Amino acid sequence: MTIKPLGERVVIQKIEKENVTASGIVLPDTAKEESNIAEVIAVSEDLKNSDEIQCDVKAGDRVIYSKYAGNEVEIEGESVIVIKYQDLLAKLG
């Protein structure tokens, strides 16, 4: 999949949570809470080349993002989120 975000945007893909609790109980899909942890798929050229904004993420990084931010789209059978750079909250080490 090739996708190039425009403006100050980043494309991310959700990382699904485990379906089993720490005590070993298997959770059905309806009981799962949605994760707000994702992997960066692409960063716009505007962010990479910006003098005003220091972009701290690159493709492959894991990030935490605002729960209701961005637009979810399906491309070639894969679900991704196009999100503003400002809606990224943290980068996971």
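**Surface charge, nonpolar core and salt bridges**

At 80% relative accessibility, Asp51 counts as exposed, where exposed denotes over 50% relative accessible area, buried under 20%, and partly exposed the range in between (1.4 Å probe, protein chains only). The structure is a predicted model, in which local features need pLDDT of at least 70 and side-chain atom pairs count only at pLDDT 80 or more, while totals for chains, interfaces and linings use all residues. Residues are numbered from 1 along each chain as its sequence is written, and side-chain values use heavy atoms, with hydrogens and water left out.

The protein comprises one helix and six strands, arranged along the sequence in the pattern β-β-α-β-β-β-β; helices (H or I, at least four residues) and strands (E, at least two) are DSSP runs, numbered from the N terminus. Its C-alpha atoms fill a box of roughly 50 × 30 × 20 Å along the principal axes, and buried residues account for 25% of the 93 residues.

The largest nonpolar core, a set of buried Ala, Val, Leu, Ile, Met, Phe, Trp, Tyr and Cys residues joined through side-chain atoms within 4.5 Å, holds 15 residues, of which Val10, Ile12, Ile83 and Leu88 touch the most other members. Two or more residues are given to this core by each of β1 (9–14), β2 (37–43), β3 and β5 (78–84), with β2 giving the most, three residues.

Side chains of opposite charge can pair when their charged atoms come close. With a salt bridge taken as a side-chain nitrogen of Lys or Arg within 4 Å of a carboxyl oxygen of Asp or Glu, the count comes to four salt bridges. One of these joins the side chains of Glu72 and Lys14 (3.8 Å, N to O), and this pair links distant parts of the chain, since Glu72 belongs to strand β4 and Lys14 to strand β1, 58 residues apart. Glu72 counts as exposed at 51% relative accessibility, whereas Lys14, at 23%, counts as partly exposed.

Asp61 is buried, with a relative accessible area of 10%, and forms a salt bridge with Lys58, the closest N and O atoms being 3.3 Å apart. Asp61 also forms a salt bridge with Lys91, where the corresponding separation is 3.5 Å; here Asp61 lies in the loop between α1 and β3 and Lys91 in strand β6 (residues 88–92), 30 residues apart. Through shared partners, Lys58, Asp61 and Lys91 are joined into one network of salt bridges.
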